[in-house]
Amino acid sequence: MSDSLPLRLVLASASPARRKLLQAAGIEPDVLVSGVDESLVMADRAEELCLELARLKAQAVLTRLSPAADQRTLVVGCDSVLAFDGEILGKPADPADATRRWQRMRGRSGVLHSGHCLIDVVAGRRAEAVASTTVHFADISDDEIATYVASGEPLAVAGAFTIDGLGGPFVERIEGDPGTVVGLSMPLLRRLLAELDLRITDLWTKVAPGGQAVEPLGNVRS
């Protein structure tokens with residue numbers, strides 16, 4: 001494979017937070033939503049569930065791609081769940097569910113697991129793993145919970161909280177990579193790329209000032 005062959009990364013997620021993480025790290029991904037119905041997938045352990053969902057998302061997007069011969073295409077699928085009190089918590093079902101969760105979680109801690117599945121489309125190779133981070137929640141009041149739930153943010157995210165949005169003040173501290181909690185661990189992505197004989201610097205791009213053109217900064221190794 002040519003060293004000059006450009007890399008294309010396709011993010012199999014509608015999450016703007018995951019896209020922002022990649023962009024902040026110098027990577028401009030294409031976005032293609034998988035359409036996987038997460039409610040149909042079951043597992044006994046949070047780590048197994050998030051990794052299986054990441055696989056399904058990446059595979060669903062893979063089947064819809066037509067890779068160009070002059071481009072090396074990668075697909076990354078991610079999924080996050082919170083393990084708390086022996087339960088696996090994805091997105092809340094409704095505001096009442098989000099409220100009940102926060103009433104239980106406040107002043108306590110859980111573990112946020114994010115599954116990652118990276119597929120090299122042409123080579124047919126795959127690397128996958130789970131990143132886990134312990135989250136310590138603040139002991140927030142009923143009024144704070146009600147106001148936060150009314151914002152709508154907890155309904156759109158696994159575990160009913162964020163650290164990079166309105167929920168940030170309600171998280172006292174974390175133990176691990178903050179990107180895991182956002183939904184995509186950049187250090188883990190770097191390691192998965194290495195398993196496919198790639199460097200994360202191969203994905204660095206530069207957006208031309210005042211325009212949308214993207215110029216590759218790194219080269220793909222054979």
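Of the 222 residues in the protein chain, 44% count as buried. Keep in mind as you look around that this is a predicted model.

The overall build comes next. The chain folds into 6 helices and 9 strands, and its C-alpha trace spans about 60 × 40 × 30 Å along the principal axes. A compact globule with 222 residues would have a radius of gyration near 17 Å, so the 18 Å of this chain agrees with that expectation. Among contacts between residues at least 6 apart in sequence, 67% join residues at least 24 apart.

Now to the interior. In soluble globular proteins, nonpolar side chains tend to be buried together. Here the largest nonpolar core holds 21 residues, and L9, L22, L118, L189 and L193 touch the most other members. The elements below each supply at least two residues of this core:

| Element | Residue range |
|---|---|
| β1 | 7-11 |
| β3 | 72-84 |
| β6 | 125-137 |
| α6 | 186-195 |

The largest share, 5 residues, comes from α6. Apart from this core lies another one of 19 residues, including L89, I140, I145 and V171.

L9 is a handy residue to centre your view on. Leaving out residues up to four places away in sequence, L9 touches L22, I27, P29, D30, L74, V76, L118 and L203.

Finally, the outside. The chain exposes about 10,700 Å², and carbon and sulfur atoms supply 50% of that area. As for charge, there are 23 positive and 30 negative side chains, with the centres of the two sets 4 Å apart.

Terms used
Residues numbered from 1 in each chain as written. Predicted model: local features only at pLDDT ≥ 70, side-chain atom pairs only at ≥ 80, totals over all residues. Heavy atoms only, no water. Helix = DSSP H or I, 4+ residues; strand = E, 2+ residues; numbered from the N terminus. Rg over C-alpha atoms; globule rule 2.2 N^0.38 Å. Buried < 20%, exposed > 50% of the residue type's maximum accessible area, 1.4 Å probe, protein only. Contact = heavy atoms within 4.5 Å. Areas by Shrake-Rupley, 256 points an atom, 1.4 Å probe, with all protein chains shown as cover. Lys, Arg positive; Asp, Glu negative; His and termini not counted. Charge placed at Lys NZ, Arg CZ, Asp CG, Glu CD. Core = buried A, V, L, I, M, F, W, Y, C linked by side-chain atoms within 4.5 Å.
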